[in-house]
Amino acid sequence: MKSLSKRVTITMSIFISSFLFALPHFPSLFQADFVYCITGVINLFLISIIFSLYIINHGNIYVACGLHSFWNFILLNVCGLNLSGIDEHSTSIFSLSTNGNNIFNGGQYGIETSIFTTLTLSLCAILLYIRFKKLGIKEIVF
């Protein structure tokens, strides 16, 4: 984002970095049913925007990396849920599972494509955006 922000606007650098973050997730996501692909792409971009806003606010990528690693660890190793559509049976503290395939639990891809995740991420992104507007952040400082 630092290099991008020198060449394009903050909005464009967030969009480009969000696309690059989402790209490696697409192969497993596009194996799911169409409705989960749509919510999955939306959720990937929402979490990427949130991560980008944290990077802008904190001046480094480590907060975003930590949040992403924490999410993956909790989902797979603590809860025992699907991680990005990969249904690996791992040893976890809890053995949670979703019942059936629907938009509320994210179907075969997992809670990362749930409509509840979409709503939660949307609310977080809006609140962060409002906060940053109040702070008057107009440039990325590293």
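## Threonine 113, helix α6 and their surroundings

Threonine 113 is buried, with a relative accessible area of 0%. This value, like every other one here, comes from a predicted model. Threonine 113 sits in the loop between α5 and α6. Its side chain has a polar atom 2.8 Å from the backbone oxygen of glycine 106. Setting aside neighbours within four places in sequence, threonine 113 is in contact with Leu29, Tyr36, Thr39, Gly40, Asn43, Ile103 and Gly106.

### Asparagine 43, a partner from α4

One of those contacts, Asn43, deserves a closer look. Asparagine 43 lies in helix α4. Is asparagine 43 buried or exposed? Asparagine 43 counts as buried, because its relative accessibility is 3% and the cut-off for buried is under 20%.

Asparagine 43 touches Glu112, Thr113, Ser114, Thr117, Thr118 and Leu121, when residues up to four places away in sequence are not counted. Take glutamate 112 from that list. Asparagine 43 and glutamate 112 are 69 residues apart in sequence, but their C-alpha atoms are 7.1 Å apart in space.

### Asparagine 105 in the loop

The loop between α5 (62–78) and α6 (115–135) also holds asparagine 105. Asparagine 105 counts as buried, at 10% relative accessibility. A polar atom of its side chain lies 2.8 Å from the backbone nitrogen of glycine 107. Leaving out residues up to four places away in sequence, asparagine 105 touches Thr98, Asn99, Gly100, Gly110, Ile111 and Ser114.

### Helix α6 from end to end

Now to the helix after this loop. Serine 114 caps the N-terminal end of α6. A side-chain oxygen of serine 114 lies 3.0 Å from the backbone nitrogen of phenylalanine 116. After α6 comes glycine 136, with a positive phi near 75°.

How far apart are the end C-alpha atoms of α6? They are 30 Å apart. With 21 residues at 1.5 Å a residue, α6 should span 30 Å, so the two values agree.

Which residues of α6 are buried? They are Thr117, Thr118, Leu121, Ala125, Leu128 and Phe132. Seen down the helix axis, these buried residues fall within an arc of 105°, so they line one face of α6. They pack against α4 (34–58). The face turned away from the buried side carries the exposed residues Leu119, Leu127, Lys133 and Lys134.

### Two nonpolar cores

In soluble globular proteins, nonpolar side chains tend to be buried together. The largest nonpolar core in this model has 13 residues. Those with the most contacts inside it are Met1, Ile14, Ile50, Leu53, Ile56 and Leu128. Helices α4 and α6 each supply at least two residues of this core. Which helix gives the most to it? That is α4, with six residues.

A second, separate core has eight residues. Among them are Tyr36, Leu44, Phe45 and Tyr109. Tyr36 has also appeared above, as a contact of threonine 113.

### The cysteines

A disulfide is a covalent bond between the sulfur atoms of two cysteines. How many disulfides does this model have? The count comes to zero. For a disulfide, the two sulfur atoms must be within 2.5 Å. Cysteine 65 is in no disulfide, and the nearest cysteine sulfur, that of cysteine 124, is 19 Å away.

The table lists three cysteines by accessibility.

| Cysteine | Relative accessibility | Class |
|---|---|---|
| Cysteine 37 | 9% | buried |
| Cysteine 65 | 37% | partly exposed |
| Cysteine 124 | 35% | partly exposed |

Cysteine 124 lies in helix α6. Its C-alpha atom is separated by 9.9 Å from that of isoleucine 49, although the two residues are 75 residues apart along the chain.

### Lysine 2

Lysine 2 is found in helix α1 (residues 2–7). At 42% relative accessibility, lysine 2 counts as partly exposed. Lysine 2 and alanine 32 are 30 residues apart along the chain, and their C-alpha atoms are separated by 34 Å.

Terms used: Residues are numbered from 1 along each chain as its sequence is written. This is a predicted model: local features need pLDDT of at least 70, side-chain atom pairs count only at pLDDT 80 or more; totals for chains, interfaces and linings use all residues. Side-chain values use heavy atoms; hydrogens and water are left out. Helices (H or I, at least four residues) and strands (E, at least two) are DSSP runs, numbered from the N terminus. Buried means under 20% relative accessible area, exposed over 50%, partly exposed in between (1.4 Å probe, protein chains only). A polar contact is a pair of N or O atoms within 3.5 Å; within protein, one must be able to donate a hydrogen and the other to accept it, and residues adjacent in sequence count only if both atoms are side-chain atoms. Contact means heavy atoms within 4.5 Å. The expected span of a helix is 1.5 Å times one less than its number of residues. The arc is that of the directions from the helix axis to the C-beta atoms. A nonpolar core is a set of buried Ala, Val, Leu, Ile, Met, Phe, Trp, Tyr and Cys residues joined through side-chain atoms within 4.5 Å.
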